[in-house]
Every structure is written in structure tokens, then in C-alpha cells.
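User: Please take a close look at the ligand site in this structure. I would also like to see how the sheet and its helices are laid out.

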Amino acid sequence: MGCSQSVDAAAAADTRVSQAIEEELKRARREEAMETKCLLLGPGESGKSTIVKQMRLVYSSPYTTAELLSFRETIFSNLLQSAQSLLSSFSALKIRLPADVKEETRWLREVDETEEVVDPETGGLRSEAAQALGRLWEAEGTKEAMRRSAEFQLNDSAEYFFTHLARIASPSYLPTEEDVLRTRVRSIGVVEQTFEVLKGRKLRVVDVGGQRSERKKWVHQFENIGMLLYALSCPSFPEQPRPTLIVGRRFVVAVSEYNQTLFEDSRQNRLDESLELWEMISASRWFRRSTFVLFLNKTDIFERKILSGFAPLAASVPNYRGPPSNVAAAKSYMLDTFTALYKQHTPERALFAHFTQATDKVSTQVVLGAVMTGVLTSTLQEMGLL
Ligand SMILES: Nc1nc2c(ncn2[C@@H]2O[C@H](COP(=O)(O)OP(=O)(O)OP(=O)(O)O)[C@@H](O)[C@H]2O)c(=O)[nH]1
Ligand SMILES: [Mg+2]
């Protein structure tokens, strides 16, 4: 009897020890799961850095006045670059600029440095610059060039900044949050920021440059990725007919001379490039255990483009059989195309896909909230921690 009691006591002690070890392991795993590394990938200009700016606004503090003021120069520089792109597009597009506008905007062409358009006293936009930019924006022919902007390289925020020129040109101009979200600065290298996205749950966000010259740096970030967020720019389908695009494991990349093309390679169509990258990432062994999130971004531009009637999806993507000016059908085509490609490589793995407009605070907040709750909860469940 005494002997069986001591055996029972020993067994109970063993159970307690193994329970304690189990608890300890669980605690360590839970702690580890409390910080998720999120890698943002996607081609250049797809909106990755804009999404990170939104994360900061949602999960950290708003921009201080000093920070907002520091964006003035970037905004002036974006305006100047857009003006220069427009000016050089006129001859290529065979659009005539009225002689007086040509004269007034001549010096804009020759500006090399942003400082040349900044008033050294106020730090605001020089009045001559504001006047020349305004004349260019109002000029006959500019509308036509804007409509055909897919035929040359023009920042997607060009229209926004020109439309707000009067406010931007004020000597006491303080950029708004939306102005900041609209700025364009090509990312070079890797920028990491950590946010507390849910109570006690941290997201370490790694933002990389998406242009080709930057992609060789991506591989250094591929380890231990909990969440892979791929941003794609929806409106980057071409505006002109092109050879058939076959989507699949061995899809053919079609290149067209006159479509919306990459900044870094004017022969490469942007949608093809994005699909190619997406396929590579979906199939990559590095991300077998990562949760995939797909942001089909720039839906505002996409919707405008479809509704304009100037760029029907079927004219450039022959696989599209839906009605020409139907935004819902066009969106579902884009979603299906990217989902199908993903599922070919990873049929079992979930995909969290969302249509986004990264420059819009309200809708992006909603999407980010859904992603964080969905993805981070499912990660904990998969790890057996919930
Ligand atoms: N209209 C509109 N503009 C957007 C949207 N998302 C981003 N942009 C703008 O597109 C431009 C490019 O966005 P970025 O966030 O710099 O793109 P990125 O993917 O970080 O580009 P790289 O750093 O070159 O890889 C910026 O001017 C943004 O304001 C969107 O949903 N709608
Ligand atoms: Mg960037």
C-alpha cells in the first residue's frame, strides 16, 4: 500500500513537471507569436510605403507639425517632376502647347533642383513657380495629355497636387495627412518599423523598394516571415491591345511597345510584371509557412479608368469576357486572376485579399483592422495557442 502510494506520488510529480514544461513552452511560443514579421512586397509604385504610412497613422501617433512641414519639399518636388513629365510628353503625344504657355513654362523644364522652386524666406513655393505650374495645368492640351498619361511616366498623384495647387502655393502652407499619403518617394533599401496592432500583438513591418534594381535586396529579408503582404496596383493594365496573356504555371509574358509600362523599363507592361512577381512569390519555398495578404490597390484609379470608357479591360486583356464599363466585373476578373495563380501553387493555403485605396484613411483603416484580426488570430490558432 505504502509502496503504491509513493508510486502514485512520483507519477503525479512527473505529471506536474511535464505540465510545467508544457506551460513554459506554450508561454515561449505565445511570446514569440506576439511579434509577427510582415514583409511588404510588390512592384514599384504599387503603394507599399503608402500602406506603411497608413499603419503609422492607425497604430502609432499622428504626424507632428514639424513632420508635416518636412514633407513640403517632397510635395514641391513631386509637382515639379510631374510638370516636367507633362512638358516632355507634349511632343511625343503630338499635342500642341499654346505659344504663351510654352514661354511661361520654359524655365520649369530647366529646373534641376527642387531648391530652385522654394522661397528661401518662407520655405514655401516660389510665386513664379506656382504661376507657371498653374498656367501649365490650365493650358489647352494638358487635359488630353492627362487622359493619355499611361503613354508616358506620370506620378499617380500628379492630378491631386495640381488640383490643390492654390492651397499648396500659400506661403503658410502646412501639408495635410492626405497630402503626405499622396507623396511619392521611390524606396531605396529596407525600412523596418514595429507597431502594436492588437493588444500586446506587434507587427514588425519591413518595407522594401519595388523597382527592379531594388529586388535583389529582397532575399535578405525572406527568413521567418509570418505575414507576406503583396501590394499590386490594379490600374496597371495596358490601354492598348496586345498579344494574348496566358495566365498559368507556364504563362507567357506579353510585352507591348505602347502600353502602361514600368518606370525602369519602358518595354515591360506593369500588369505582366506584377503577375510574374506574384507567381514567383506564391511558389517560393521561403513563404510556405507565411500567411499571404494581397492588396489590390489603387482601386480609385482603376474604377475611374474602367468607367472612362477610354480603356476597356477587354481591349488589352483578351481573357476578360465581362461587360466593358462594369467595375464590379473588372474587379472580380483581377481578383480571380491573382487568386487562381496563387492557388495553382498553394491550393490549401488561405489568401486574405482586399481591394484598397491606400491614400484613403477611412477605408484603409477598416481593411487593416480586418487583416490584423483575421491573420494574427489564425496564426495563433495554427500554432495551437488559442
Ligand atoms: N490614387 C491613388 N494613389 C495611390 C494609392 N496608393 C498609393 N498611391 C500613390 O502612388 C504613389 C506610389 O506609392 P508608394 O507607396 O511610394 O509605392 P511603393 O510601392 O512604395 O513604391 P517603391 O518604393 O518604388 O517600391 C504615391 O504617390 C502614392 O501616394 C491609391 O490607392 N490610390
Ligand atoms: Mg516604397
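Analyst: What follows covers the ligand site, then the sheet, then the helices on the sheet.

Keep in mind that this is a predicted model.

Start with the shell. Ligand 1 is surrounded by 25 residues. The closest are Lys48, Thr50, Leu181, Gly210 and Asp300. Sorted by class, the shell holds 14 polar, 7 charged and 4 nonpolar residues.

Now the polar contacts. Two of them use the protein backbone. A backbone N or O atom of Glu45 sits 2.9 Å from an oxygen atom of ligand 1. A polar backbone atom of Ala358 also lies 2.9 Å from an oxygen atom of the ligand. Asn297 contributes through its side chain. There, an N or O atom is 3.0 Å from a nitrogen atom of ligand 1.

How much of the ligand does the protein bury? Taken alone, ligand 1 exposes 660 Å². The protein buries 99% of that area.

Which elements build the shell? Three helices each give two or more residues: H2 (48-59), H10 (177-182) and H13 (299-308). H2 supplies the largest share, with 3 residues.

Next, the sheet. It is open and has 6 strands. Their order is S2-S3-S1-S4-S5-S6, and the pairing is mixed. S2 (190-198) and S6 (351-355) are the edge strands, each pairing on one side only. On average, neighbouring strands are turned by 20 degrees against each other, direction ignored.

Look at the S2 edge. S2 and S3 (residues 201-208) run antiparallel and are joined by 8 bridges. One pair to find is Val190 with its bridge partner in S3, Val208.

Finally, the helices on the sheet. H12 (residues 270-283) packs on it and touches four strands. These are S1 (35-41), S4 (227-233), S5 (291-297) and S6. The direction of H12 makes about 170 degrees with that of S4. H15 (residues 327-345) lies across S4, S5 and S6. Its direction runs at about 160 degrees to S6.

Technical notes:
Residues are numbered from 1 along each chain as its sequence is written. Chains are lettered from A and ligands numbered from 1 in the order in which they are written. This is a predicted model: local features need pLDDT of at least 70, side-chain atom pairs count only at pLDDT 80 or more; totals for chains, interfaces and linings use all residues. Side-chain values use heavy atoms; hydrogens and water are left out. A residue is near a molecule or strand if one of its heavy atoms lies within 4 Å of it. A polar contact is a pair of N or O atoms within 3.5 Å; within protein, one must be able to donate a hydrogen and the other to accept it, and residues adjacent in sequence count only if both atoms are side-chain atoms. Accessible areas come from the Shrake-Rupley method with a 1.4 Å probe; for residues, only the protein chains shown count as cover. Ala, Val, Leu, Ile, Met, Phe, Trp, Tyr, Cys and Pro count as nonpolar, Asp, Glu, Lys and Arg as charged, and the others, Gly among them, as polar. Two strands pair if DSSP finds at least two bridges between them. Axes are lines fitted to C-alpha atoms, for helices over the stretch in contact, and angles run from 0 to 180 degrees between N-to-C directions. Contact means heavy atoms within 4.5 Å.
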